[in-house]
Amino acid sequence: MAVTAAGDSEWATLTAAVTGLVLLCGLLYLLWTRVVTTARVRSSTVRAPARRQPIHPGATHKELLGWYRDPLRLQDVTLALAYAVGTCALPLILDFGGLLPFLGVAAVLLGTATSSNLYGTDGTALWMTLAVPGSERQDVRGRQLAWLIVFGGMGALLTILGLLLHPDPALVPWALGAFLASVGAGAGLVVVMSFYALAPSRDRRQARHSPADQSDETGPAFATLFLSLLLMAPTIGLLLAGQLTGNPWLLWGGVAAGALTAILSPLLSGAAAARRLTSHGPDLLHRMRSGPVRAVPAGTEASNEPGQTSSGTLGAGFEAMRGHEALAFWALYVMAILAIVPQGLVAGGHLLAGSDVTSWFLALHLPPEQQWLAVVGFLTLGAVLVGIASAIHRRARSRIRRDDAG
C-alpha cells in the first residue's frame with residue numbers, strides 16, 4: 001500500500017501507511033516483551049521419553065531442547081529468518097530477484113552473530129559439564145552439531161528455495177560456495193567466541209526472557225560477523241576470480257573452497273574451544289557467576305568483587321574505550337558495513353545477475369570495465385576499516401592489561 005501510494009504521489013496515504021506500520025511494530029514488540037517476560041521455562045528438562053530417540057544423543061539432544069524451549073534462542077532463529085527474507089526479498093520491489101539464492105547465506109550470517117554468546121546464555125549451568133571429567137569435547141561438539149542442525153538446516157532450505165525462485169545458473173556456484181563457507185565459519189565461531197568474548201547473562205532460572213533485559217552482546221556479535229566474512233574470503237576470492245576471468249574451474253573451485261571451510265573450520269575451532277573449556281573452565285564459570293565484566297579504571301586497585309574482572313576479555317575492550325575511541329570505532333564499523341555489504345557484495349550480486357538497477361550502488365554508475373574493480377575496491381576498503389577499528393579495540397584491551405599489571 002505504501003509503495004503504491006508513493007508511486008501515485010499520494011503523500012498523505014503514504015504517511016498514514018508508514019506511521020501505522022511503525023505503530024503496529026511498536027505495539028507488537030511491547031506485547032511480545034510482555035508475553036516472554038511472564039513466560040516460564042519448563043521446570044524440568046530431563047524427562048523419561050515415551051520411546052527411545054537415538055537421533056540426537058547426549059549433548060546434541062540437550063542443546064536442541066534448548067533451541068526448542070528457550071524463548072531467547074527462538075528469538076535468534078526468528079530474527080535470522082526475518083532478516084534473510086527482508087534483506088533478499090526487498091529488491092523485488094525493483095523487479096530484481098538476484099539476491100534470492102542468498103537467502104540461506106543471510107540467515108546463517110545473522111544466526112552466527114546472534115549465537116556468539118552460546119555458552120554465556122547458560123549462566124552457571126556450566127558447572128554440570130565441568131563436574132564430569134572429560135566431557136568438555138563432547139559438550140562443544142554437541143553444541144556445534146545442534147547449531148548446524150538449526151541454522152545449517154534452515155539455511156540449506158532457504159538456499160534451495162531461493163534457487164528455485166530465481167533459477168539463474170550463473171548464481172548457483174556463488175550461492176553454494178557462499179552458503180557452505182558461511183555455515184562452516186559459523187559452526188566454528190559460535191563456540192570459540194563464546195569463550196573469548198563471553199558476555200555473562202542472567203541464569204535461565206532467573207531470566208525474564210525479555211529481549212530488553214539481557215547482557216550486551218553487540219560488540220561480540222559484530223566481531224563474530226566480520227570474522228565470518230574473513231573466513232569466507234578465500235571462497236569469495238575464488239568465485240570472484242572465476243567470474244572476472246570467465247573460468248568455470250575457478251568458479252567451482254570456490255564451491256570446493258566453501259566445502260573445505262565447512263569441514264575444517266568446525267573441526268579446528270571446536271578443538272580449540274574444547275581445549276579452552278578444559279583449561280579455563282573454572283575461570284569461565286566464575287565469570288558467569290560474577291556477572292558482566294567491567295573495566296577497572298586506571299589508578300585504582302583491582303577488586304575481586306563480582307563484575308570487576310577485566311583483563312583478557314573482548315567485552316572489557318569495549319568498556320575501556322575512551323569517548324573518542326568509541327566514536328571512531330563504531331564509525332569505522334558502520335562505514336565498513338556500508339562498504340562491504342551494499343557497495344561490495346550487493347553491487348556484485350547485481351552485476352552477476354545482469355540487473356539494470358543502479359540505485360545508490362556507486363560501482364554500477366561506472367563504465368562496465370571498471371565496475372568489478374570498484375566492487376573489489378569497496379571490499380578491500382571495508383577490510384581495511386575493520387582492521388583499523390580492531391586496532392583501536394586492541395589498544396583499549398592492552399591499556400587494561402597495563403593498568404592491571406601496574
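A salt bridge is a side-chain nitrogen of Lys or Arg within 4 Å of a carboxyl oxygen of Asp or Glu. The exercises below apply to a predicted model.

**Exercise 1. Trace the network of salt bridges that includes Glu63.**

Step 1. Take lysine 62. Its salt bridge is with aspartate 139, and the closest N and O atoms are 3.0 Å apart. Lysine 62 belongs to helix H3 (residues 58-69) and aspartate 139 to helix H7 (residues 136-165), with their positions 77 residues apart in the chain.

Step 2. Take glutamate 63. Its side chain meets that of arginine 73 in a salt bridge of 2.6 Å, N to O. Here the link runs from helix H3 to helix H4 (residues 71-89), and the two residues are 10 apart.

Step 3. Glutamate 63 also forms a salt bridge with arginine 143, where the closest N and O atoms are 3.5 Å apart. Because arginine 143 is in helix H7 and glutamate 63 in helix H3, this pair ties together parts 80 residues apart in sequence.

Step 4. Collect the members: Lys62, Glu63, Arg73, Asp139 and Arg143 are linked in a network. The count of salt bridges in the model is four.

**Exercise 2. Classify the network residues as buried or partly exposed.**

Step 1. The cut-offs needed are these: buried is under 20% relative accessible area, exposed is over 50%, and partly exposed is in between.

Step 2. Lysine 62 has 41% relative accessibility, so this residue is partly exposed. Aspartate 139 has 4%, so this residue is buried.

Step 3. Glutamate 63 and arginine 73 are both buried. Arginine 143 is buried too.

**Exercise 3. Describe helix H5 and the surroundings of serine 115.**

Step 1. Helix H5 covers residues 103-114, which is 12 residues. From first to last C-alpha the helix reaches 17 Å, close to the 16 Å expected.

Step 2. Of the 12 residues in H5, 12 are buried; among them are Leu103, Val108 and Thr114.

Step 3. Serine 115 sits in the loop between H5 and helix H6 (126-130). Its relative accessible area is 2%, so serine 115 is buried.

Step 4. Leaving aside neighbours within four places in sequence, serine 115 contacts Trp67, Trp147, Phe151, Val190 and Ser194. One of these, valine 190, is 75 residues away in sequence, yet the C-alpha atoms are 5.8 Å apart.

**Exercise 4. Which residues have the most contacts inside the largest nonpolar core?**

Step 1. This core has 60 residues, and the residues with the most contacts inside it are Trp67, Phe151 and Trp174. Helix H8 (residues 172-196) gives the largest share, 11 residues.

Step 2. Tryptophan 174 touches Phe102, Ile236, Leu239, Leu240, Gln243, Leu251 and Leu352, when residues up to four places away in sequence are not counted.

Step 3. Another core, of 10 residues, lies apart from the largest one and includes Phe226, Phe329, Tyr333 and Ala336.

**Exercise 5. Which residues form the nonpolar patch on the surface that includes Leu264?**

Step 1. The patch is formed by Leu260, Ile263, Leu264, Leu267 and Leu268, with about 480 Å² of accessible area together.

Step 2. Leucine 264 lies in helix H10 (residues 248-290).

Step 3. Patch residues need over 30% relative accessible area. Leucine 264 has 38%, and is therefore partly exposed.

Note on methods:
Residues numbered from 1 in each chain as written. Predicted model: local features only at pLDDT ≥ 70, side-chain atom pairs only at ≥ 80, totals over all residues. Heavy atoms only, no water. Helix = DSSP H or I, 4+ residues; strand = E, 2+ residues; numbered from the N terminus. Expected span 1.5 Å × (residues − 1). Buried < 20%, exposed > 50% of the residue type's maximum accessible area, 1.4 Å probe, protein only. Patch = residues over 30% accessible without salt bridge, like charges linked within 9 Å, V, L, I, M, F, W, Y side chains within 5 Å. Areas by Shrake-Rupley, 256 points an atom, 1.4 Å probe, with all protein chains shown as cover. Core = buried A, V, L, I, M, F, W, Y, C linked by side-chain atoms within 4.5 Å. Contact = heavy atoms within 4.5 Å.
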